[in-house]
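Work through the exercises below with the coordinates open. Each task is followed by a stepwise solution.

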Amino acid sequence: MTQAKTKDILALIEIEHRQIEQLFAKVEQAEKIEIYNYFNQIYKALNLHTRTEEIVFYPAMQEYQETRKYIQEAEEEHEEANLLLEKIKNLKPTDSEFNVKINKLKEAVQHHVEEEESEIFSAVRKCMKEEQLVKLGQEFLRVKEKIAADVETAMTI
C-alpha cells in the first residue's frame, strides 16, 4: 500500500505543492541576488506542474460528474498564475513591483493548493480507484519529463 501510495497522482501533486511552498519561503528569506534564482525555480516548477495537471489530471477528472465541476475554476487559477509568472519574469528583483507580484502569485498558488487538496482530492478519491490514481501518477511523471525541455525553453524567451 505504501509503495502504491507514493506513486498515486494525488501524492505526487501534494509533493510538488510542498516543494513550491518551500521555494516561496526561500524567496522571502533570500538576499536580492538569490531571489531571481529562486523565482526561476518557481517559474519552472509551476509551469511544469500546471501543464502536467492540465494534460493528465484534468482530463481524467472530466470523466466524472462529481469532479468535472472543479476543472474550469482550476484552469482559470492556472491561467492567473501563468500570467503573473510571465509578468514577474520581465521584472528585476530590485523593481518595486517584483515583491508585490511575487506575493500576489504566492497567494494565488496557496488558494489553488488549498482548494485542490481539501475539495478536489476528496472528490477524486470518491470517484477513482487506487489503481487508476497510480496509473495517472505514472502518466503524470512521464508527461512531466516529456515537457520539461519546453518549460526550460520558455524560461529563456
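**Exercise 1.** In this predicted model, find how Lys89 and Glu86 are placed in helix H5 (residues 71-89), and classify the burial of each.

Solution.
- Lys89 and Glu86 are three residues apart in H5, so about one helical turn separates them.
- Their side chains form a salt bridge, 3.3 Å from N to O.
- Lys89 has 12% relative accessibility, and because buried means under 20%, Lys89 counts as buried.
- Glu86, at 31%, counts as partly exposed.

**Exercise 2.** Determine which parts of the chain the salt bridge between Glu117 and Arg18 links.

Solution.
- The N to O distance of this salt bridge is 3.0 Å.
- Glu117 lies in helix H6 (residues 96-127) and Arg18 in helix H2, 99 residues apart, so the pair links distant parts of the chain.
- Glu117 is partly exposed, with a relative accessible area of 24%; Arg18, at 31%, is partly exposed too.
- Arg18 and Glu117 belong to a salt-bridge network that includes Glu21.

**Exercise 3.** Classify the packing of helix H2 (residues 9-29) against helix H7 (residues 130-156).

Solution.
- The axes are 7 Å apart and the angle is about 45°.
- The two helices are therefore oblique to each other.
- Residues of H2 in the contact include Ile9, Leu12 and Glu16, and those of H7 include Leu133, Phe140 and Lys144.
- By type, the contact residues are eight nonpolar, one polar and two charged.

**Exercise 4.** Is Glu53 in helix H3 (residues 32-62) buried or exposed?

Solution.
- Glu53 is buried and has no salt bridge.
- The nearest side chain of opposite charge is Lys144, 11 Å away.
- Beyond its sequence neighbours within four places, Glu53 contacts residues including His17, His78, His112 and Phe140.

Conventions: Residues are numbered from 1 along each chain as its sequence is written. This is a predicted model: local features need pLDDT of at least 70, side-chain atom pairs count only at pLDDT 80 or more; totals for chains, interfaces and linings use all residues. Side-chain values use heavy atoms; hydrogens and water are left out. Axes are lines fitted to C-alpha atoms, for helices over the stretch in contact, and angles run from 0 to 180 degrees between N-to-C directions. Helices (H or I, at least four residues) and strands (E, at least two) are DSSP runs, numbered from the N terminus. Angles under 35 degrees count as roughly parallel, over 145 as roughly antiparallel, 65 to 115 as roughly perpendicular and the rest as oblique. Contact means heavy atoms within 4.5 Å. Ala, Val, Leu, Ile, Met, Phe, Trp, Tyr, Cys and Pro count as nonpolar, Asp, Glu, Lys and Arg as charged, and the others, Gly among them, as polar. Buried means under 20% relative accessible area, exposed over 50%, partly exposed in between (1.4 Å probe, protein chains only). Lys and Arg count as positive and Asp and Glu as negative; His and the chain ends are not counted. A salt bridge is a side-chain nitrogen of Lys or Arg within 4 Å of a carboxyl oxygen of Asp or Glu.
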